[in-house]
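Student: I would like to learn how to read a structure, one feature at a time. Could you take me through this one?

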Amino acid sequence: MSKYLPKQSELVKEFEEKPGVLKGDYAKSEWWETPLEFREGNFCFPAKPEVLEELGFPNPRKWAPTDDDWKLPDGWQKTVMDGMKERLKKYRSLKLYLDSCMRCGACADKCHYFLGTGDPKNMPVLRAELVRSVYRNDFPLVEKILKGFSGSRKLTPEVLKEWHMYFYQCTECRRCSVFCPLGIDTAEITIMVREILQLVGLNNNWTLAPVANCNRTGNHLGIEPHTFVQNIESLVDDIEDLTGVTVNPTFNRKGAEILFITPSGDVFGDPGVYTMMGYLLLFHHIGLDYTISTYASEGGNFGLFTSNDMMKKLNAKMYHEARRLGVKWILGGECGHMWRVVHQYMNTMNGPADFLEEPVSPVTGTKFTNAKATKMVHIAEFTADLIHNQKLRLDPRRNDHLRTTFHDSCNVARGMGMFEEPRYVLNKVCNSFHEMAENTIREQTFCCGSGSGINAEEYMEMRMKGGFPRADAVRRVKEKHKVDSLVTICAIDRATLPPLMRYWTPGVSVYGLHELVGNALVMEGEKKRTEDLREEPMAGFEDGDDDEE
Amino acid sequence: MKKILMPLLMVAALALVPYVGVEYAGLGYLFGVLIPYAAAFLLVAGFLYRMVDWLRRPVPFNIATTCGQEKSLDWIGQQKLECPPTRRHAALRVLSEVIFFRSLFRNNKAELRKGPDLAYGSHKWLWLGGLVFHWSLLVIVLRHSRFFFMTPGPFFQFLEDADSFFDVTVPALYMTDVLALAAVTFLVLRRILDAKMRVLSLQTDYFPLFLIAGIVLAGIGMRYVAKVDVMPVKVLMLGLMDFSFNPPGEIGALFYVHLFLVCVLAVYFPFSKLMHMGAIFLSPTRAMPNNSREKRHVNPWNAPVRFRTYAEYEDEYREKMKKAKLPVEKE
């Protein structure tokens, strides 16, 4: 277990000592008087100087949040205030959301970081107040006259440190914006504040190193083209060993009908690789004319957690590569924040994609009219359409060794509205599916606790706290329905939920949706299957058992 | 607690100003004519300024918050209000927020129990309290049209009759008076009694609540206790509607307290969180349709950003790519 993580019993004790969801006593003090403490386990390591230099980002230096002096650049106050002014001009959302909050408190106990830490500054309303208090101090005229009345304060180094702490305890999951009567979206504020923090060199290596990698090599993990190909080819070998079927993915092939892009975690990370095997089996099963790019080899986009310009820069590769290869349209793999970017930003930033065609499934002829401008289709939509048109030979009994539940990923849930497609697919490929409690799924789903670029090892304590509401909901469905498999359509989930489950809910494994599709697909020319893609025995298919076939 | 007492004292002091001014200094003209004109002007001008100030700022991205199933394959049912496919549906979504407080209706309460164990219960009190508060105030404002127009019209007459349906006092008791007071009390108490609300509330949250409570109490006092003669009030108001500068007649001081607090609210309104009244129509997460894959949203300042092109990438990795049998553009 990580040295950055207290024993589970210690965190449990911390929960039990709290009087309620809110931790601490504030009878005599205001929230802006509560002290701030950086210590091991509650911050992500800052970006290494060489990473900042590679990206051309300001103020590269060695420092740690535990230092007294953060080595801020000269005139940092002006940089921050100018950065805020510029963004207030460019984004109606920011201005509106700083101006119009009523502090009604509906959002307060909706944040997973608040529920997990009990820290009042993690209530979305106060997270935004960290900025509003400074904004009110300098901007609107009338409240400036009545400072004590409006609760405003100066931008001091302590305030900046507070921003750095709490805007990395927001995972941009947007759950608060579902409950807010005005739709105020804390993610929007977090995105802006993180951009501003970057201007003075406050950042996080776990976000910026992947950004630099992605820019250079095409993917977050920094995998060079030959290694990328090798890795997928080793998955092809694994598929052959397990099923006896040889799948033939192609790379950087001009003239393919479809360009397939998925997060690089699916190519390299466990358990993401099993999802990748599922995709490869599916594409082989339907004879899809597709190619994978080593240049645009990343679906995810940590630019979203850095700055909007960086998001645009990394995302530009998708259309650039689709145009070069001459494909008709793009198919995207399972990923959360990737789909927030593709759905809500890509076409605005890097479109119009008039060199592509309106997506049509080559197997069913279905037109994906909902993607007719962006020309990018989500794999869950694509597969749901295949199953609905009975184009797949599936044996859901091959997943009988799994009792599943489904975790809606924040970004596809609240930044896209995808709920039914993955559920439809899941129900067609397995026989045992149980929903978690209603306040913890669909648009009310809880974040894994580690989204938005804070999936760092050294941040494990905070991640386990922030992920607690999700884990708790899994525990309940596990106790009630003996669920042992948590299915997601997000690569970050596949990386972050396994440690979360091990910590709070041992005995629950994490799966990608298309891993289960891969398990259930009856391939032409396959050998007798006894194990799933993880080489775990499938129930009812043991060696020696007489199958009806 | 200071942050509760200060705004309370402020409202009390503000209430005293016109009382002293009219009773002892004879400033009826100032409080009855000049200040109301100024306040009305500031309310309208300020409100418009704030709206224009928001509207002139661009909306670079389509950031709709989706709370239901998007438009997808034909056979998958859509939730068109929670995830509006068109501008029309988005408008309906915003209206459902304005009229019914739809998002607040979703509200629940998280409780941490031993275990640890998180439980969520339905918690619609804020929704109910907020709805009663806003609707009562709206009816009260509309009801006041009988002071502003010679013959207010059948709709206002109906409102008046409906509101005074429970004819239990003389003059007849308005339901909305009771409801507004009850709702204000609830909204203040929840800020004091709930630990989370206590931490997050500011003086600017209590001030408008106390101010509105003061206005309602002064109004109730005039109608049921002091029984202020309404005829000179109506004459004054009709005069104001005609932009006349005639001095007010003989009216009880309580009326000036009521009127002055309304003026304070009107001036405070455009420069405070009360502007949520206008903001709710513009909030991009609610007012935008979730159609960004179907229709390109245009960012007026779409900043050019240089990215690493395929050619640059191939230049760096050409040899490795060739070894891995990857096709290359240049040999």
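Student: Which strands form a hairpin, and how many residues lie between them?

Tutor: Before that, some ground rules. This is a predicted model, where local features need pLDDT of at least 70, side-chain atom pairs count only at pLDDT 80 or more, and totals for chains, interfaces and linings use all residues. Residues are numbered from 1 along each chain as its sequence is written, while chains are lettered from A and ligands numbered from 1 in the order in which they are written. Helices (H or I, at least four residues) and strands (E, at least two) are DSSP runs, numbered from the N terminus. Two strands pair if DSSP finds at least two bridges between them. Here β1(B) and β2(B) form the hairpin, with 3 residues between them. In the turn, B:Gly115 has a positive phi of about 145°. β1 (residues 108-113) and β2 (residues 117-122) of chain B pair in the antiparallel sense over 6 bridges, and B:Leu112 stands opposite B:Leu118.

Student: Which residue that is not a glycine has a positive phi of about 55°?

Tutor: That is B:Phe101, found in the loop between α3 (87-100) and α4 (102-105) of chain B. To judge burial, count the other C-beta atoms, placed from the backbone, within 10 Å of a residue's own: 20 or more is buried, 12 or fewer is exposed, and in between is partly exposed. B:Phe101 counts as buried because it has 21 such neighbours. In chain A, A:Lys71 also has a positive phi, near 50°, but A:Lys71 counts as exposed, with 11 C-beta neighbours inside 10 Å.

Student: How do I check a helix, say α3 of chain A, against its expected span?

Tutor: Multiply 1.5 Å by one less than its number of residues. For the 15 residues of α3(A) (residues 76-90) that gives 21 Å, and the end C-alpha atoms are 21 Å apart, which agrees. The buried residues of this helix are A:Val80, A:Met84 and A:Lys90. They fall within an arc of 130° seen down the axis, so they line one face of the helix; the arc is that of the directions from the helix axis to the C-beta atoms. Among what covers them are α6 (124-138) and α11 (186-199) of chain A.

Student: Is A:Arg87 in α3(A) buried, exposed or partly exposed?

Tutor: A:Arg87 is partly exposed, because 18 other C-beta atoms lie within 10 Å. Two residues are in contact if their C-beta atoms, placed from the backbone, lie within 7 Å. Leaving aside neighbours within four places in sequence, A:Arg87 is in contact with A:Leu94 and A:Met192.

Student: How many residues does the largest nonpolar core have?

Tutor: In soluble globular proteins, nonpolar side chains tend to be buried together. A nonpolar core is a set of buried Ala, Val, Leu, Ile, Met, Phe, Trp, Tyr and Cys residues joined through C-beta atoms within 7 Å. The largest has 203 residues, and A:Met277 is one of those with the most contacts inside it. A second, separate core of 40 residues includes B:Phe31 and B:Tyr256.

Student: Where do I find cis peptide bonds?

Tutor: Look at omega. One joins A:Asp270 and A:Pro271, with omega about 10°; another runs from A:Gly351 to A:Pro352, with omega near -5°.

Student: And how many residues does each chain bring to the contact?

Tutor: Chain A brings 97 residues and chain B brings 83 residues. Helix α16 (residues 308-325) gives the most to the side of chain A, with 8 residues.
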